[in-house]
Structures are given as C-alpha cells and as structure tokens.
Amino acid sequence: MLAKQILDELAGKIGSAIAESPVKDVEKNVKTLLGSTFGKLDLVTREEFDIQQQVLIKTREKLAALEARLAKLEADAPAALPNPSEQQ
C-alpha cells in the first residue's frame with residue numbers, strides 16, 4: 001500500500017515536471033506548426049469527405065437506373081431509333 005502511494009506520488013511529480021518543462025512548449029509549437037501547414041494544404045475534413053461519398057453513391061445509383069431505363073427503351077422501340085451504323 002505504501003509502495004503504491006509512493007509510486008502514485010512520484011508519477012504525479014514526474015507528470016507536473018513534464019507539464020512545466022520545455023517539452024510541453026515543443027509539443028504545443030509542433031501542434032501549431034502542423035495545424036498551420038495543414039491549413040495551407042488543400043485538404044477536406046472527414047465530414048466533407050463523407051458527404052461527398054454519399055453524393056457519389058446516390059449519383060452512381062441514379063446512373064445505373066437511367067442506364068437500365070435507356071436499355072429498356074431501346075429494346076422496346078428498336079425501329080424508332082436510328083441505327084448508328086446508318087448515320088454515316
């Protein structure tokens with residue numbers, strides 16, 4: 001029990017020493033630098049990516065439905081459509 005208390009106290013002192021050390025400043029500066037660099041890049045957020053992914057899925061579904069509809073229309077009325085080989 002006494003050893004656990006001593007270890008907890010030591011861990012607390014080490015943690016506070018690190019928090020007050022230059023290591024904390026370096027970490028803050030690196031985070032700021034990375035944030036600035038990422039801000040300059042042409043990146044999208046995960047939310048924007050997910051939204052565009054859903055739009056793409058819906059667009060592909062709509063395209064597939066339209067292609068199927070066109071194929072059905074072409075099959076139902078072959079004489080009404082000009083033959084591409086005759087349009088020369």
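Here is a short conversation about how labels are assigned in this predicted model.

User: What makes the contact between arginine 46 and aspartate 50 a salt bridge?

Analyst: Good place to start! A salt bridge needs a side-chain nitrogen of Lys or Arg within 4 Å of a carboxyl oxygen of Asp or Glu. For arginine 46 and aspartate 50 the N to O distance is 3.3 Å, so the pair meets the rule. Both residues lie in helix H3, 4 residues apart, about one turn of the helix.

User: Why is arginine 46 called exposed, and why is aspartate 50 called partly exposed?

Analyst: Exposed means over 50% relative accessible area, and partly exposed lies between 20% and that value. Arginine 46 has 58%, so exposed is the right label. Aspartate 50 has 30%, and therefore falls in the partly exposed class.

User: How do you know that lysine 72 and aspartate 76 form a salt bridge?

Analyst: Their side chains meet at 2.9 Å, N to O, and the limit is 4 Å, so this pair counts too. Lysine 72 and aspartate 76 are 4 residues apart in helix H3, about one helical turn. Lysine 72, at 53%, is exposed, and aspartate 76, at 52%, is also exposed. By this rule the count comes to 2 salt bridges.

User: What makes leucine 34 eligible for a nonpolar surface patch?

Analyst: Patch residues need over 30% relative accessible area. Leucine 34, in helix H2, has 42% and is partly exposed, so it clears that cut-off. The patch covers about 550 Å², and its members include Val30, Leu34 and Phe38.

Technical notes. Residues are numbered from 1 along each chain as its sequence is written. This is a predicted model: local features need pLDDT of at least 70, side-chain atom pairs count only at pLDDT 80 or more; totals for chains, interfaces and linings use all residues. Side-chain values use heavy atoms; hydrogens and water are left out. Patches are made of residues with over 30% relative accessible area and no salt bridge: like charges are joined within 9 Å, nonpolar side chains (Val, Leu, Ile, Met, Phe, Trp, Tyr) within 5 Å. Accessible areas come from the Shrake-Rupley method with a 1.4 Å probe; for residues, only the protein chains shown count as cover. Helices (H or I, at least four residues) and strands (E, at least two) are DSSP runs, numbered from the N terminus. Buried means under 20% relative accessible area, exposed over 50%, partly exposed in between (1.4 Å probe, protein chains only).
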